[in-house]
Amino acid sequence: MTKDSELTVDLRGRRIETLKDFWDAVAEPCGLPEWFGRNPDAWSDTIHTRGISDVIDSYDVLVVHVDQRGLFEGGRRDGEVLAGIFDGEQNRLVVHSLS
């Protein structure tokens, strides 16, 4: 049995207050092209449909780690929309509590 290849993007410790902060944080490690749309629909296409980022496409699974603050502290619409794009299987968002 072969293990799925996994791209892990660890953003813990990085201040992410807005969607722009998130796009800035994932652009390089995820190999997002300059023309990437920087919106939830473009992110959904990138991680589900594939064909946009050669980096993401070369892995079976994408895991993004973030702190539970700012955009991901809960109750923030943009954060909830973004989190909802991750399917929990092929694409996982792991929100770490700050305790």
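Is Val 63 buried or exposed? Let's start there, everyone, and work outwards. Val 63 has a relative accessibility of 4%, and buried means under 20%, so this residue counts as buried. Please keep in mind that what we have here is a predicted model.

How confident is the predictor? The chain averages a pLDDT of 95, and 97% of the residues score at least 70. Helix α1, residues 19–27, has the highest confidence in the chain, at a mean of 98. The lowest is found in helix α3, residues 54–57, at 96. As a general caution, where pLDDT is low, predicted coordinates should not be read in detail.

Back to Val 63, which sits in strand β2. Leaving out residues up to four places away in sequence, Val 63 touches Glu 6, Leu 7, Thr 8 and Val 9, and also Arg 92 and Val 94. For a contrast, take Gly 75: it is 12 residues from Val 63 in sequence, and their C-alpha atoms are 22 Å apart in space.

Now for the sheet. Three strands form an open sheet in the order β1-β2-β3, with parallel pairing. The edge strands are β1 and β3, the latter covering 91–96, and each of them pairs on one side only. On average, neighbouring strands are turned by 15° against each other, ignoring direction. In general, strands of a sheet pair through backbone hydrogen bonds, either parallel or antiparallel.

Let's zoom in on the first pairing. Strand β1 covers residues 6–10 and β2 covers residues 61–67; the two are parallel and share 5 bridges. You can find Leu 7 opposite Leu 62 in β2, and Thr 8 opposite our friend Val 63. Strand β1 also has two faces: Leu 7 and Val 9 are on the covered one, while Glu 6, Thr 8 and Asp 10 are on the uncovered one.

Next, the aromatic rings. How many aromatic pairs does a search of the whole structure find? There are 6. One of them joins Phe 22 and Trp 23: the ring centres are 5.3 Å apart and the planes are at 70°, so this pair is edge-to-face. Trp 23 also pairs with Trp 43, with 6.0 Å from centre to centre and 50° between the planes, and that pair is tilted. Here distant parts of the chain are linked, as Trp 23 lies in helix α1 and Trp 43 in helix α2, residues 40–49, 20 residues apart. Both of these tryptophans are buried. Looking at the wider picture, ring pairs connect Phe 22, Trp 23, Phe 36, Trp 43, Phe 72 and Phe 86 into a cluster.

Phe 22 deserves another moment. Its relative accessible area is 0%, and the cut-off for buried is under 20%, so Phe 22 is buried. Beyond its neighbours within four places in sequence, Phe 22 is in contact with Leu 11, Ile 16, Trp 43, Val 64, Leu 71, Phe 72, Leu 82 and Phe 86.

That brings us to the core. The largest nonpolar core has 25 residues, and those touching the most other members are Leu 11, Phe 22, Trp 43, Leu 62, Val 64 and Leu 82. Two or more residues come from each of β1, α1, α2, β2 and α4, the last being 77–85. Helix α1 gives the most, with 5 residues. In soluble globular proteins, nonpolar side chains tend to be buried together.

Thanks for listening, everyone!

How values were computed: Residues numbered from 1 in each chain as written. Predicted model: local features only at pLDDT ≥ 70, side-chain atom pairs only at ≥ 80, totals over all residues. Heavy atoms only, no water. Buried < 20%, exposed > 50% of the residue type's maximum accessible area, 1.4 Å probe, protein only. Helix = DSSP H or I, 4+ residues; strand = E, 2+ residues; numbered from the N terminus. Pairing = 2+ DSSP bridges. Axes fitted to C-alpha atoms, helices over the stretch in contact; angles between N-to-C directions. pLDDT = per-residue confidence, 0-100. Phe/Tyr/Trp six-rings, centres within 6.5 Å; stacked < 30°, edge-to-face > 60°. Contact = heavy atoms within 4.5 Å. Core = buried A, V, L, I, M, F, W, Y, C linked by side-chain atoms within 4.5 Å.
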